[in-house]
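Below are some notes on the model you sent round. They are meant to be read with the coordinates open.

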Amino acid sequence: MTSFIAALACSAFIIIVAEWLATIITMRFYAAALLAAIAFIYVGFSLKDNPPALVLLECTIALVFFFAALAGVMRNHLLIAGGIMLHGVWDILHGYLVPTDIPPYWPLFCFIIDIITGLYFLLRFRNIHKQP
């Protein structure tokens with residue numbers, strides 16, 4: 001329950017910062033930076049007593065999310081929102097299929113944040129595209 005409340009609080013913080021930064025930088029750059037950053041968190045976890053194959057897997061997946069963020073900036077904002085939500089799926093896979101040594105609360109905690117913030121950016125980007 002604590003990780004659920006913490007995830008909601010973190011999501012709220014990310015959204016508040018997004019709204020505040022929207023007056024300084026574009027929302028897509030903030031969302032892309034967020035996607036790139038969250039992608040590499042598992043690389044850090046993988047460096048702690050995990051086999052090289054898992055480090056390579058985490059680096060490869062992190063680069064996929066990084067390039068999704070880059071493509072979202074260059075081509076379509078919705079790729080960024082989708083990438084953030086897809087990262088939530090990657091979080092859940094760590095709880096069941098990917099054996100990287102991570103804190104037990106992390107997959108659900110991060111999944112909640114990724115889904116909430118991904119939906120937030122999806123709605124924001126769809127509204128941007130609808131404006132004349």
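The points that follow go from confidence, through the helices and the core, to single residues.

1. Confidence. This is a predicted model, and the protein chain has a mean pLDDT of 91, with 96% of its residues at 70 or more. By element, the mean is highest in helix α3 (residues 52-74), at 95, and lowest in helix α5 (residues 106-130), at 90. As a general caution, predicted coordinates should not be read in detail where pLDDT is low.

2. Helix α3. This helix has 23 residues, and the distance from its first C-alpha to its last is 33 Å, close to the 33 Å expected at 1.5 Å a residue. Its buried residues are Leu54, Val55, Glu58, Ala62, Phe65, Ala69, Gly72 and Val73. Among the elements that cover them are α2 (27-46) and α4 (77-96).

3. The core. How many residues does the largest nonpolar core have? The count is 35, and the residues with the most contacts inside this core are Tyr30, Tyr42, Ile80, Trp106, Phe121 and Phe125. Each of α1 (2-21), α2, α3, α4 and α5 supplies at least two residues of the core. The element that gives the most is α2, with 11 residues. In soluble globular proteins, nonpolar side chains tend to be buried together.

4. Ile80. For this member of the core, the contacts can be listed. Leaving out residues up to four places away in sequence, Ile80 touches Arg28, Ala31, Ala32, Leu35, Ala69, Gly72, Val73 and Phe125. Of these partners, Ala69, Gly72 and Val73 are among the buried residues of α3, and Phe125 is one of the core residues with the most contacts.

5. Aromatic pairs. The model has nine aromatic pairs. One of them is Phe66 with Phe67, edge-to-face, with 5.3 Å between the centres and 75 degrees between the planes. Both rings belong to partly exposed residues: Phe66 has a relative accessible area of 33%, and Phe67 has 49%. In Trp106 and Phe109 the ring centres are 5.3 Å apart and the planes are at 45 degrees, so this pair is tilted. Trp106 and Phe109 are about one helical turn apart, because they are three residues apart in helix α5. Both Trp106 and Phe109 are buried.

6. Aromatic cluster and a charge over a ring. Trp106 and Phe109 also belong to one aromatic cluster with Tyr42, Phe45 and Tyr105. Separately, Arg28 lies over the face of Phe29, 5.2 Å from the ring centre.

7. His87. This residue lies in helix α4. Is His87 buried or exposed? His87 counts as buried because its relative accessibility is 1%, under the 20% cut-off. Apart from neighbours within four places in sequence, His87 is in contact with Ile38, Ala39, Tyr42, Phe65, Cys110 and Asp114.

8. Glu58. Glu58, in helix α3, counts as buried because its relative accessibility is 1%. What does Glu58 touch, not counting residues up to four places away in sequence? The contacts are Tyr42, Val43, Ser46, Trp90, His94, Val98 and Thr100. Tyr42 is therefore a contact of Glu58, and it was also listed for His87. The C-alpha atoms of Glu58 and Trp20 are separated by 32 Å, with these positions 38 residues apart along the chain counted as their separation.

9. Loop residues. Asp49 lies in the loop between α2 and α3. Its phi is near 55 degrees, a positive value in a residue other than glycine. Asp49 is exposed, with a relative accessible area of 73%. Pro104 is in the loop between α4 and α5, and it is exposed too, with a relative accessible area of 81%. Pro104 and Thr26 are 78 residues apart along the chain, and their C-alpha atoms are separated by 35 Å.

10. Phe111. This residue of helix α5 is partly exposed, with a relative accessible area of 27%. Leaving aside neighbours within four places in sequence, Phe111 is in contact with Gly88, Val89, Asp91 and Ile92. Phe111 and Ala12 are 99 residues apart in sequence and 14 Å apart in space, C-alpha to C-alpha.

Note on methods
Residues are numbered from 1 along each chain as its sequence is written. This is a predicted model: local features need pLDDT of at least 70, side-chain atom pairs count only at pLDDT 80 or more; totals for chains, interfaces and linings use all residues. Side-chain values use heavy atoms; hydrogens and water are left out. pLDDT is the predictor's confidence in each residue, from 0 to 100. Helices (H or I, at least four residues) and strands (E, at least two) are DSSP runs, numbered from the N terminus. The expected span of a helix is 1.5 Å times one less than its number of residues. Buried means under 20% relative accessible area, exposed over 50%, partly exposed in between (1.4 Å probe, protein chains only). Contact means heavy atoms within 4.5 Å. A nonpolar core is a set of buried Ala, Val, Leu, Ile, Met, Phe, Trp, Tyr and Cys residues joined through side-chain atoms within 4.5 Å. Rings of Phe, Tyr and Trp (its six-membered ring) pair if their centres lie within 6.5 Å; planes under 30 degrees apart count as stacked, over 60 as edge-to-face and the rest as tilted. A charge sits over a ring if NZ of Lys or CZ of Arg is within 6 Å of the ring centre and within 35 degrees of the ring normal.
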